[in-house]
Amino acid sequence: MLVGSAACYGLKLVGLSVPERVLADRRVQRVAGLLPVALLAALIGLQGLTTGDRIVPDARLVGLAVAVVAQWRRAPFLVVVASACATTALVRVLA
């Protein structure tokens, strides 16, 4: 745990020491804007479709689909989360 903490702190220091001219580059700004989206998509895919080391389509996938539709319809965030949770729970009860 201490090694992980030290590594995170070191990474933060490296990020803070990057020169301003590098951060002002358009390519760096574009990558910095798209990187969180890619990481979040990977996290959703990993948590929503896998159990252990296997791909398992289950109730979570149905809840994720409901969340995507709710988001596409521009529902408020709490409605998106609540509808996904309720759908997942309902599918688990019925299955």
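**Exercise 1. The D25 pair**

D25 has a relative accessible area of 26%: say whether it counts as buried, partly exposed or exposed, then find its salt-bridge partner.

*Solution.*
- Step 1: Before you start, note that this is a predicted model, in which local features need pLDDT of at least 70 and side-chain atom pairs count only at pLDDT 80 or more, while totals for chains, interfaces and linings use all residues. Residues are numbered from 1 along each chain as its sequence is written, and side-chain values use heavy atoms, with hydrogens and water left out.
- Step 2: Buried means under 20% relative accessible area, exposed over 50%, and partly exposed in between, with a 1.4 Å probe and protein chains only. At 26%, D25 is therefore partly exposed.
- Step 3: The partner is R27, and the closest N and O atoms of this salt bridge sit 3.2 Å apart. The term asks for a side-chain nitrogen of Lys or Arg within 4 Å of a carboxyl oxygen of Asp or Glu.
- Step 4: R27 has 64% relative accessibility, so it counts as exposed.

**Exercise 2. The other pair**

How many salt bridges does the rule give, and which residue pairs with D58?

*Solution.*
- Step 1: The count comes to two salt bridges.
- Step 2: D58 pairs with R60, with 3.1 Å between the closest N and O atoms.
- Step 3: D58 is partly exposed at 28% relative accessibility, and R60 is partly exposed too, at 22%.
- Step 4: Now look across to L16, which is 44 residues from R60 in sequence and 38 Å from it in space, C-alpha to C-alpha.

**Exercise 3. A greasy patch**

Which residues join Y9 in a nonpolar surface patch, and where does Y9 lie?

*Solution.*
- Step 1: The patch is made of Y9, L13 and L16, and together they have about 360 Å² of accessible area. Areas come from the Shrake-Rupley method with a 1.4 Å probe, and for residues only the protein chains shown count as cover.
- Step 2: Patch members need over 30% relative accessible area and no salt bridge; like charges are joined within 9 Å, and nonpolar side chains (Val, Leu, Ile, Met, Phe, Trp, Tyr) within 5 Å.
- Step 3: Y9 is in helix α1, residues 2-16, and L16 lies in α1 as well. Helices (H or I, at least four residues) and strands (E, at least two) are DSSP runs, numbered from the N terminus.
- Step 4: Y9 is exposed at 57% relative accessibility, and L16 is exposed at 64%.
- Step 5: A7 also has its place in α1, but it counts as partly exposed, at 49%. Its C-alpha atom is 35 Å from that of P57, 50 residues apart along the chain.

**Exercise 4. Two helices and the loop between them**

Work out how helices α4 and α5 cross, then pick out what is notable about phi of R74.

*Solution.*
- Step 1: The axes of α4 (residues 59-72) and α5 (residues 77-94) come within 8 Å and cross at roughly 150 degrees. That makes α4 roughly antiparallel to α5. Angles under 35 degrees count as roughly parallel, over 145 as roughly antiparallel, 65 to 115 as roughly perpendicular and the rest as oblique.
- Step 2: The crossing of α4 and α5 is right-handed, meaning the near helix is turned clockwise from the far one by less than a right angle.
- Step 3: For a check on spacing, take V81 and V66: 15 residues apart along the chain, their C-alpha atoms are separated by 9.3 Å. V81 lies in α5 and is partly exposed at 34% relative accessibility.
- Step 4: Move to the loop between α4 and α5, where R74 is found. Phi of R74 is near 65 degrees, a positive value in a residue other than glycine. Most residues other than glycine have a negative phi.
- Step 5: R74 is exposed, with 73% relative accessibility.

Methods:
Axes fitted to C-alpha atoms, helices over the stretch in contact; angles between N-to-C directions.
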